[in-house]
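Work through the exercises below with the sequence and the model at hand. Each task is followed by a worked solution.

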Amino acid sequence: MTEENLMEKIVSLCKRRGFVFPGSEIYGGLANTWDYGPMGTALKRNIQDAWWKFFVTSRLDMVGLDAAILMNPRVWQSSGHVDNFNDAMVDCKKCQGRHRADHLIENALENVKVEGLKPEDLDKLIESNKIKCPTCGEHDFTNARVFNLLFQTYIGPVAKDSSPVYLRGELAQSMFVDFKSILDSSRKKLPFGIAQVGKCFRNEITPGNFIFRTIEFDLMEFEYFIKEEEWEKWFEYWMGEMQKWLKVVGIDSTRTRVREHDKKELSHYSKRTADIEFNTPFGWKELYGCAYRTNFDLRNHQEKSGEKMEYFDPETNTKFIPHVIEPTFGLNRSFLMVLLSAYAEEEVEGETRVVLRLNKNVAPYKVAVLPLLTKLNADAKKLWEKLAPHFATDFDVTGTIGKRYRRQDEIGTPYCVTFDFDSLNDQAVTVRDRDTMKQERVKIDELEVYLNGKLAS
Ligand code: GAP
């Protein structure tokens, strides 16, 4: 299996086994929108739940938020997104293809990072390197011009009478806007964080690479409020926790690296940003980011809204606007990197076995109950009823037992439980391990404890 065809294989597996489909497919699709099918919904939810458990519920210094997607447009003016949340694009004069200028350059030239460069500098690079249009192969572009990434919509029935509102481009702003309400109601002391998971929208010009870059996506992120003098300590701490998270979710850390943003590349709000990048089949790409946003956002919202965003420190009897460290995690990118890390092919008795070696905590099903023959379906179903309240359990009666094992391997189910004729007499079943393919006979009465032990390991 080569790296190039790994993506093709993953896209095909996702379609075949109900992880991800192209959006609105029966109408010819809508560019770069994707729907998560039954297996994808389960995997995505499990990643999100594992994240929430790791970063929120297992800590005393973190609280949650679920804010509205539509916010007062003044939020996005104050945050700087209306003025600064821009990308530069160029059009090919020959084929009319539209491209993000930085991506055009980065894809054509090796090891060049151009984020943060001005449009005129991007033009110079495209010109001096005679970069060609990836669609038609010609070198004939318009000058680069900036466009804003925020999606606009209107509240009310008549667009021309209403003022525009924006679909949120990041989650962070609601954590800042609600900072005071959360501080007052939760009575948290610094340092503490506000976490949120939800949809964000960006009018990306060159989305692509399956679910890697899309116009709507799910973010998991938190703002961790601190004293200014402690920012370096907390930055390092959260970079460490982000690395630990890779293991929790099953992302192969040997395929990741940390990349610091240089000054030109930093977002308008950040003093330091480091990305965790993943070595994908289409190059090293940003998976997660960690930014020191200073107190830029709270300060701006205080100035522009007139509401105080200060924290009173009971230890020093002083008031100040807290600073913030922001670790941010794309949920869809996590999903893709989990699949890239878990996908394996191996030869078994002359045939190729495809197996998703997913971490057990994120696997869509933990167990599948498989009756060996149709006659055993009713008895096996009773076993499913026993297990289903405790584990996400599939019940699969279609096809030969070999085919059913293969299907469960492809969706990453850690344990298959086969109910056979002997089960009626000895009240035991055969449990097959996804990774070793070893089989073990286990008493039905002991199955729940057995599986709990195995799934916890
Ligand atoms: N609040 C900071 C923030 O939003 P960002 O680097 O712009 O930072 C955060 O985005 C994360 O969201 C990225 O690290 C990436 O995982 C994910 N992400 C960004 N744009 C995306 C897109 N168009 N499609 C899918 N995921 C995206």
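**Exercise 1.** Sort the shell around the ligand by residue class: how many nonpolar, polar and charged residues does the shell have?

Solution. Begin with the classes: Ala, Val, Leu, Ile, Met, Phe, Trp, Tyr, Cys and Pro are nonpolar, Asp, Glu, Lys and Arg are charged, and the others, Gly among them, are polar. By this scheme the shell holds nine charged, six nonpolar and four polar residues. The model is a predicted one, in which local features need pLDDT of at least 70, side-chain atom pairs count only at pLDDT 80 or more, and totals for chains, interfaces and linings use all residues. Residues are numbered from 1 along each chain as its sequence is written, and side-chain values use heavy atoms, with hydrogens and water left out.

Next, list the closest members. The ligand is surrounded by 19 residues, where near means a heavy atom within 4 Å. The closest are Glu170, Arg202, Glu204, Glu286 and Leu287.

**Exercise 2.** Which strands each supply at least two residues of the shell around the ligand?

Solution. Strands, like helices, are DSSP runs numbered from the N terminus (strands: E, at least two residues; helices: H or I, at least four). The strands in question are strand 10 (216-226), strand 13 (283-294) and strand 16 (323-330). Strand 13 gives the largest share, five residues.

**Exercise 3.** Find polar contacts of the ligand, then state how much of its area the protein buries.

Solution. A polar contact is a pair of N or O atoms within 3.5 Å; within protein, one must be able to donate a hydrogen and the other to accept it, and residues adjacent in sequence count only if both atoms are side-chain atoms.
- Glutamate 170: an N or O atom of its side chain is 2.6 Å from a ligand nitrogen.
- Glutamate 204: the distance from a side-chain N or O atom to a ligand nitrogen is 2.8 Å.
- Phenylalanine 212: a polar backbone atom is 3.5 Å from a nitrogen of the ligand.

Taken alone, the ligand exposes 560 Å², of which the protein buries 91%. These areas come from the Shrake-Rupley method with a 1.4 Å probe; for residues, only the protein chains shown count as cover.

**Exercise 4.** In what order do the strands of the seven-strand sheet stand, and what packs on them?

Solution. Strands pair if DSSP finds at least two bridges between them. The order is 3-9-10-16-13-12-11, in an open sheet with mixed pairing. Strand 3 (62-64) and strand 11 (256-260) each have a single partner strand, so one side of each lacks a neighbour in the sheet. Neighbouring strands are turned by 25 degrees against each other on average, direction ignored; axes are lines fitted to C-alpha atoms, for helices over the stretch in contact, and angles run from 0 to 180 degrees between N-to-C directions.

Now take one pair. Strand 13 and strand 16 are antiparallel, with six bridges, and threonine 294 has valine 324 in strand 16 as its bridge partner. Helix 11 (residues 331-342) lies across strand 10, strand 12 (272-280), strand 13 and strand 16 (contact: heavy atoms within 4.5 Å). Helix 11 runs at about 105 degrees to strand 10.

**Exercise 5.** Which residues show backbone exceptions, and where do they lie?

Solution. Start from the common case: most residues other than glycine have a negative phi, and most peptide bonds are trans. Leucine 190 and proline 191 are joined by a cis peptide bond, with omega about -5 degrees; proline 191 sits in the loop between helix 8 (179-186) and strand 9 (192-201). Lysine 130 has a positive phi, near 50 degrees, and belongs to the loop between helix 6 (119-128) and strand 6 (145-148). Asparagine 317 also has a positive phi, near 55 degrees, in the loop between strand 14 (311-313) and strand 15 (318-320).
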